Amino acid sequence: MTTSPTHLALLTLALLAVFLLALLAAVTAGLLARWDGASAPAALLRAGIAFGGTLTLLIAVLALVAGTLT
């Protein structure tokens, strides 16, 4: 089964949007942790956890949506 270039472009854009949302969540979590008085390594750890969790959740939602549309 072949995939049209339009579907590949939309998938690429959706993955880029998911990555940017996860990055935004990570930056926000890191800044909030730093403002709360956490050390820089602790703030980076919280940012990494937020990035990983958000990315996992959004990729799962994207896979669910893509599975129902095909």
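The exercises below work through the helices, the aromatic pair and a few single residues of a predicted model.

Residues are numbered from 1 along each chain as its sequence is written, and side-chain values use heavy atoms, with hydrogens and water left out. Because the model is predicted, local features need pLDDT of at least 70 and side-chain atom pairs count only at pLDDT 80 or more, while totals for chains, interfaces and linings use all residues.

**Exercise 1. Describe the secondary structure and the overall spread of the chain.**

Step 1. The secondary structure comes to two helices and zero strands, where helices (H or I, at least four residues) and strands (E, at least two) are DSSP runs numbered from the N terminus.

Step 2. The radius of gyration, taken over C-alpha atoms, is set against the globule rule, 2.2 Å times the number of residues to the power 0.38. For 70 residues that rule gives 11 Å, and the chain has 16 Å, well over that value, so the chain is more spread out than a compact globule.

Step 3. Along the principal axes, the C-alpha atoms fill a box of roughly 55 × 20 × 15 Å.

Step 4. Of the 70 residues in the chain, 14% are buried, a class that means under 20% relative accessible area, with exposed over 50% and partly exposed in between (1.4 Å probe, protein chains only).

**Exercise 2. Work out how helix 1 and helix 2 are arranged.**

Step 1. The axes of the two helices come within 7 Å and cross at roughly 150°; axes are lines fitted to C-alpha atoms, for helices over the stretch in contact, and angles run from 0 to 180 degrees between N-to-C directions.

Step 2. Helix 1 and helix 2 are therefore roughly antiparallel to each other, since angles over 145 degrees count as such, under 35 as roughly parallel, 65 to 115 as roughly perpendicular and the rest as oblique.

Step 3. By class, the contact of helix 1 with helix 2 has 21 nonpolar, two polar and two charged residues; Ala, Val, Leu, Ile, Met, Phe, Trp, Tyr, Cys and Pro count as nonpolar, Asp, Glu, Lys and Arg as charged, and the others, Gly among them, as polar.

**Exercise 3. Find the aromatic pair and place it in the fold.**

Step 1. The structure holds one aromatic pair, formed by phenylalanine 19 and phenylalanine 51, with 5.7 Å centre to centre and 85° between the planes, which is edge-to-face. Rings of Phe, Tyr and Trp (its six-membered ring) pair if their centres lie within 6.5 Å, and planes under 30 degrees apart count as stacked, over 60 as edge-to-face and the rest as tilted.

Step 2. Phenylalanine 19 lies in helix 1 (residues 5-35) and phenylalanine 51 in helix 2 (residues 40-69), so the pair ties together parts that are 32 residues apart in sequence.

Step 3. Phenylalanine 19 counts as partly exposed at 39% relative accessibility, and phenylalanine 51 counts as partly exposed at 21%.

**Exercise 4. Classify isoleucine 49 and threonine 12, and give a C-alpha distance for each.**

Step 1. Isoleucine 49, found in helix 2, counts as exposed at 59% relative accessibility. Isoleucine 49 and glycine 30 are 19 residues apart in sequence and 9.7 Å apart in space, C-alpha to C-alpha.

Step 2. Threonine 12 lies in helix 1 and, at 52% relative accessibility, counts as exposed. From threonine 12 to leucine 24, 12 residues apart in sequence, the C-alpha to C-alpha distance is 18 Å.
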